[in-house]
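Student: I would like a close look at one part of this model: the enclosed space inside it. Please start with what supplies the walls, then work outward to the rest of the fold.

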Amino acid sequence: MLAGGTGQRVGLSIPKQLLKIAGKAVIEHTLSIFQQADSIDDVIVLMAPGYVPDVEKIVAKAGLTKVTKVIEGGSTRNETTERAIAALGEGLAEGEDRNVLFHDAVRPLLSQRVIKDCVDALDRYEAVDVAIPSADTIIVTRTHGGDGEFITDVPDRSRLRRGQTPQAFKLSTIRRAYEVAAGDPNFQATDDCSVVLKYLPDVPIYVVAGDEYNMKVTQPVDVFIADKLFQLASTAVPQPTDDAAYRELLSGKTLVVFGGSYGIGADIATLAESYGATVYALGRSTTGTHVENPVHIDEALSKAYADTGRVDYVINTAGVLRIGKLAETDNATIQEALNVNYLAPVQIARASYKYLAETKGQLLLYTSSSYTRGRAEYSLYSSTKAAMVNLTQALSDEWAADGVRVNCVNPERTATPMRTKAFGEEPAGTLLSSEAVARTSLDVLLSEMTGHVIDVRQQDPTRGASEASGFEQALAAVLDRQADV
């Protein structure tokens, strides 16, 4: 993990890899990707001088067990790679080789697919790059006196690619390339594949298809874009292997479900109970629990704790959907929307914290597919649901030190009584089932994820249903959400 940048181009006083995006330092996002990758055994971080302790704290706090070393990088990219090669060679027997991936710490949206493709390619090739086609026309220019730049060539765009990372090598190959390069007094390179290309010209460099999502946080605007992409990205949720695994993970656990009278909340309660959890399903129509009343929230949590001695998961699916033009909406309706859709989750979070901190549990909130774009006549609903995303990311950061996870589920249009009340009966097959959302919700609760927005869609691209790139999936999701409620 190459993390030697200083953040000057972003205008920061700290390295850009320590900047927080979506509730975590950029480098933590990136390291977490490799922590989850089955094909990665060990991670070594080359950090900007003076900031090694900062990364060590992040690694310890996040439980990134694959990180075996954090060492200082060099003053240049080449020097940093040379230090990495030296560290990788420690303890290696004569003639033994290793597969190595070099990745920029400030590319925090790398997909598991790209990692796997790089590792697989090393079975056949000694050097591997990652690249994507260039959507822009590339021009070659020269300066002429003091008159500025002039075009000298326009290369064929069909053959041009934009390089990304990781770049993957046999350790023996990249070491040999740098050894040859050391004899060149003019040696200078900005990436490692170019070193192999120039100094080991007989070694073919295979190209793995990259991903538009795999952006590099370099300029100030990149910080904003990356933060928004984290909000839009569909996150794959790890699933227990079978029913026995669900029972093992849920047996003896206590769930408190606000909004558990019907719909998604009721389905979560039923599913969790079937796997041995103790569930308190609370709702206005069944238990007389009003989520807009802080006293009711406190009483529900206190009872669950008194009965079982623990609260492991708190879920809030309660919500109201009121459609209409804001100028024509009365004060009572506005207050109800704010109380139920915004203030209630805030109160639930505040009251749940002490219980979840004790069990290292999780708070699960829900947003709507309209959260990315306010729509006419849904101003109250979509704006309060957008607030749930921000609340999730803020609390996941605020509570991370206490081991409390916070996530947010984003279902597409779902067949629930609330939706039927607002829109009436809709054509069969056009809506997601509440049971499917409940199953994904359970997967989220049982994962180690925190600070994520998890899409649940009828054809979920995160589960391999689509061959589209991550960027295309996100774009499709945005367009769908503009049509959804």
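Tutor: Start with helix H11, which gives the most to the lining of the largest cavity, with 3 residues. This is a predicted model, so local features need pLDDT of at least 70, side-chain atom pairs count only at pLDDT 80 or more, and totals for chains, interfaces and linings use all residues. Residues are numbered from 1 along each chain as its sequence is written, and side-chain values use heavy atoms, with hydrogens and water left out.

First, the terms. A cavity is a set of points, on a 1 Å grid over the protein atoms alone, where a 1.4 Å probe fits but cannot get out; lining residues have an atom within 4 Å of a point. Volume is the space filled by probe spheres set on the points, which are joined across faces, edges and corners. Helices (H or I, at least four residues) and strands (E, at least two) are DSSP runs numbered from the N terminus.

How many cavities reach 30 Å³ or more? The count is 2. The largest cavity holds about 40 Å³ of space. Its lining consists of Asn316, Thr317, Ala318, Val340, Asn341, Pro345, Leu365, Tyr366, Lys385 and Met388. Three elements give two or more residues each to that lining: helix H11 (331-359), strand E15 (362-366) and helix H12 (379-398). By class, the lining of the largest cavity has 6 nonpolar, 3 polar and 1 charged residues. Here Ala, Val, Leu, Ile, Met, Phe, Trp, Tyr, Cys and Pro are nonpolar, Asp, Glu, Lys and Arg are charged, and the others, Gly among them, are polar.

Now the second largest cavity. Its volume is about 30 Å³. Val320, Leu321, Arg322, Ala337, Asn341, Leu380 and Tyr381 line it. H11 and H12 each supply at least two of these lining residues. The classes split into 5 nonpolar, 1 polar and 1 charged. Note Asn341: it belongs to the lining of the largest cavity and to that of the second largest.

Step back to the whole chain. The protein chain has 15 helices and 19 strands. Of its 485 residues, 49% are buried, meaning under 20% relative accessible area, with exposed over 50% and partly exposed in between (1.4 Å probe, protein chains only). Among contacts (heavy atoms within 4.5 Å) with a separation of 6 or more, residues 24 or more positions apart account for 72%.

Next, the N-terminal sheet. It is open, with 3 strands in the order E1-E4-E5 and parallel pairing. Strand E1 (2-3) and strand E5 (67-72) are the edges, each pairing on one side only. Pairing requires at least two DSSP bridges between two strands. Strand E4 (residues 43-47) runs parallel to E5 and is joined to it by 5 bridges. One of these links can be placed exactly: Met47 has Glu72 in E5 as its bridge partner.

Leu46 is a useful probe of E4, the strand it lies in. It counts as buried because its relative accessibility is 2%. Beyond its neighbours within four places in sequence, Leu46 contacts Met1, Leu2, Ala3, Gly4, Ile71, Glu72, Gly73, Thr80, Arg83 and Ala84. Lys69 is 23 residues from Leu46 along the chain, with 8.5 Å between their C-alpha atoms.

Helix H1 (residues 26-36) lies across E1, E4 and E5, at about 160 degrees to E4. The axes are lines fitted to C-alpha atoms, for helices over the stretch in contact, and angles run from 0 to 180 degrees between N-to-C directions. H1 is mostly covered, with 9 of its 11 residues buried. Glu28 lies in H1 and counts as buried because its relative accessibility is 17%. Residues up to four places away aside, Glu28 touches Ile58 and Ala62. Its C-alpha atom is 8.8 Å from that of Leu64, 36 residues apart along the chain.

Two other elements show burial. In helix H5 (residues 171-181), the buried residues are Leu171, Thr173, Ile174, Ala177, Tyr178 and Ala181. Their cover includes helix H3 (77-89), strand E6 (99-102), strand E10 (161-170) and helix H6 (192-199). Strand E19 (residues 453-456) is covered on both faces: Val453 and Asp455 are buried on one side, Ile454 and Val456 on the other. Strand E16 (residues 405-411) runs parallel to E19 and is joined to it by 4 bridges. Within that pair, Cys408 stands opposite Val453.

Terms used:
1 Å grid on protein atoms, 1.4 Å probe; cavity = no way out; pocket = protein on both sides within 12 Å on 5 of 7 lines; lining within 4 Å.
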